[in-house]
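Work through the exercises below with the coordinates open. Each task is followed by a solution in steps.

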Amino acid sequence: MFQPSPWRADFPAIAALQRQHQTYLDNAATTQKPQALLDALAHYYQHGAANVHRAQHLPGALATQAFEASREKVAQWLNAASPSQVIFTHGATSALNLLAYGLEGQFQAGDELVISALEHHANLLPWQQLALRAGLKLVVLPLTTAGLIDLEAAAQLIGPRTRLLAVSQLSNVLGAWQPLEPLLALAKAQGALTVVDGAQGVVHGRHDVRQLGCDFYVFSSHKLYGPDGVGVLYGRSEALGKLAHWQFGGEMVHVADYHSASFHPAPLGFEAGTPPVAGVIGLGATLDYLASLDPAAVTAHENALHGLLLRGLNDRDGVRLLGTPQLALASFVVEGVHNADLAHLLTEQGIAVRAGHHCAMPLLKGLGLAGAIRVSLGLYNDSDDLVRFFEALDKALEMLR
Amino acid sequence: MSLSLHAAEALRAFEQAAGWEQRARLLMQWGERLPPLSDAEKSPEHLVHGCESQVWLIASQADGQWQFRANSDARMIRGLLALLLVRVEGLRADELKAIDLPGWFNQLGLGRQLSPSRSNGLNAVLKRMAELAGQAGG
């Protein structure tokens, strides 16, 4: 039965890609953009660009107003207590790097930072490098066979030396919600700071950072149908107070002299230099668009498509799924077939999926794999996209076997 | 520079190929023709970095002529390697430096395999080949 997406027409690039015979199923990498975002970007540039928080002139006031309105929208989206808890960065990666540098002073040699075995490089390497810089120990929580962070092991590994826990909400390879609630409880019991990488999680459903109870929550705009070049770092006010200033420059400074300076608190104190003004305004427009959708309908649609994806993969001989994907995506390998060959033949047939290590090399290595194919869904995908994917997959496998 | 017998044969075959499917099947056939490497030859020093699959490239010179051997654990890149090797077989160092290898793959209708976002490794192989040729020639 055909499962249409009622929101497909809201994303003009989908039709453009289809005219180029491309079926876009790489949404965990980045997403196509709604018309509402394109309109907001065009409106901003057509009506007068200006820098924010600097000038008293009218264009500056309008840009600042729109920029700050986006901060409020992000705060609402996450149910943060205040917009001042929302820092705009240049992406999730730069938000995590900000944390790894800004929190450095909180740790002493021998302290432990805890991550998990499924972290994206963006939530692994900043902590790994911090550990190397500051003589800290990086502890890696293992996974269960289902692809969830192992809570029994976590209870052993999170201990009195744990000063920080940084984990993903939803794995970009395994497609499974991670048990954040008990993990955060374990960390908080030790007085450790908690960081949640919401890069994948934020795209599916609404998440309440106050209910989550994490100190920091990070996501990138471009995976949430927003513009690229924008990331969000939410922090509890108390936790933000622990952040040392990291990047220095324009507009983050309170008073500057040649030999000394004092800086603004969050958020402005952590937004040195001209921020991505248009991108932030565009993210606000995207959130307005997303907020106008019926969340139950979106979830039902995503679940239905994910069910079709899993059924189709499970129906095929030799296909092995990575972990137990619950939503959004599925990564797989095919027995006796090199994923690079499969990727080559899917590409030839206009199927845009991701092949390789998905920026999680240690995870793939741990699974004994050099790479895998990942199919990831967006709210504009429909069942015909999956029909085309499976036709191409069957054709590729027929040729390779 | 004239094409070797094998290169001319490859060009004929790929020029006649209609569509992606035939080209892909041809690639796999050409990959089969690549002589296997011994386990000793599949050593880390011969591994080309930057490939999605494992690709080994071995260069040697005899009587001023280059000899390359290559292989991979993936089939499509094996075909691309075979097409690369037929084009460079028997070339002198100065000829190898002068040759337009991206142009060769374009002629074969495989230019897209060289786009920067492709992770198949053909670009990395060409770069490594140029390095090897540069070292010995310089």
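**Exercise 1. Domains of chain A**

How many Å separate the centres of domain 1 of chain A and domain 2 of chain A, taken over C-alpha atoms?

Solution. The model is a predicted one. Step one is to fix the bounds: domain 1 of chain A covers 8-25 + 294-400, and domain 2 covers 38-291. Step two takes the centres over C-alpha atoms, and the separation comes out at 28 Å.

Task: describe the contact between these two domains, from the side of domain 1.

Solution. Count the residues on each side: 20 residues of domain 1 of chain A are in contact with 17 residues of domain 2 of chain A. Then assign the domain 1 side to elements; α11, β12 and α13 (361-366) of chain A each supply at least two residues to it. Last, sort that side by class, which gives 11 nonpolar, seven polar and two charged residues.

**Exercise 2. The two sheets of chain A**

Task: give the strand order, edges and pairing of the four-stranded sheet in chain A.

Solution. The sheet is open, its order is β11-β12-β15-β14 (chain A), and the pairing is antiparallel. Strands that pair on one side only are the edges, here β11 (319-321) and β14 of chain A. Neighbouring strands are turned against each other by 30 degrees on average, direction ignored. For the pair at the β14 end, β14(A) and strand β15 (residues 372-376) of chain A are antiparallel over three bridges. Within this pair, A:Arg354 has A:Arg374 as its bridge partner in β15(A). Finally, add the helix: α11 (residues 295-314) of chain A lies across β11, β12 (329-334) and β15 of chain A, and runs at about 10 degrees to β12(A).

Task: do the same for the seven-stranded sheet of chain A.

Solution. The order is β2-β8-β7-β6-β5-β3-β4 (chain A), in an open sheet with mixed pairing. Its edge strands are β2 (86-89) and β4 (137-141) of chain A. From one strand to the next, the twist averages 20 degrees. At the β2 end, β2(A) and strand β8 (residues 231-235) of chain A pair in the antiparallel sense over four bridges. There A:Ile87 stands opposite A:Leu233 in β8(A).

**Exercise 3. A covered helix and the nonpolar core**

Task: decide how far helix α4 (residues 92-102) of chain A is covered, and by what.

Solution. A residue is buried if 20 or more other C-beta atoms lie within 10 Å of its own. By this test 10 of the 11 residues of α4(A) are buried, among them A:Ala92, A:Leu96, A:Asn97 and A:Leu99. The covering elements include β2, α5 (125-134), β6 (193-197), β7 (216-220) and β8 of chain A.

Task: locate the largest nonpolar core.

Solution. The core holds 158 residues, of which A:Leu165, A:Val195 and A:Val218 touch the most other members. By element, helix α3 (residues 75-88) of chain B gives the most, with 10 residues. Domain 1 and domain 2 of chain A both give residues to this core, so it lies between them. Take A:Val195 as an example: beyond four places in sequence, its contacts are A:Leu99, A:Leu164, A:Leu165, A:Ala166, A:Cys214, A:Asp215, A:Phe216 and A:Val218.

**Exercise 4. Chain B and its contact with chain A**

Task: characterise the hairpin of β1(B) and β2(B).

Solution. Strands β1 (residues 55-62) and β2 (residues 65-72) of chain B run antiparallel and are joined by eight bridges. One of the bridge partners is B:Arg69 in β2(B), which stands against B:Ile58. Two residues lie between the strands, and B:Asp63 in the turn has a positive phi of about 50 degrees.

Task: is B:Ala124 buried or partly exposed?

Solution. B:Ala124 is in helix α6 (residues 122-137) of chain B. With 17 other C-beta atoms within 10 Å, B:Ala124 is partly exposed. Leaving aside neighbours within four places in sequence, B:Ala124 is in contact with B:Val48, B:His49, B:Gly50 and B:Cys51. B:Cys51 is 73 residues from B:Ala124 in sequence, yet 6.8 Å away in space, C-alpha to C-alpha.

Task: describe the side of chain A that touches chain B.

Solution. The contact joins 11 residues of chain A to 12 residues of chain B. On the chain A side, α12 (339-348), β14 (354-356) and α14 (383-400) give two or more residues each. The largest share, five residues, comes from α12(A). By class, this side has five nonpolar, four polar and two charged residues.

Technical notes: Residues are numbered from 1 along each chain as its sequence is written. Chains are lettered from A and ligands numbered from 1 in the order in which they are written. This is a predicted model: local features need pLDDT of at least 70, side-chain atom pairs count only at pLDDT 80 or more; totals for chains, interfaces and linings use all residues. Two residues are in contact if their C-beta atoms, placed from the backbone, lie within 7 Å. Ala, Val, Leu, Ile, Met, Phe, Trp, Tyr, Cys and Pro count as nonpolar, Asp, Glu, Lys and Arg as charged, and the others, Gly among them, as polar. A nonpolar core is a set of buried Ala, Val, Leu, Ile, Met, Phe, Trp, Tyr and Cys residues joined through C-beta atoms within 7 Å. A residue is buried if 20 or more other C-beta atoms lie within 10 Å of its own, exposed if 12 or fewer, and partly exposed in between; C-beta atoms are placed from the backbone. Domain bounds come from an automatic or database domain assignment. Two strands pair if DSSP finds at least two bridges between them. Axes are lines fitted to C-alpha atoms, for helices over the stretch in contact, and angles run from 0 to 180 degrees between N-to-C directions.
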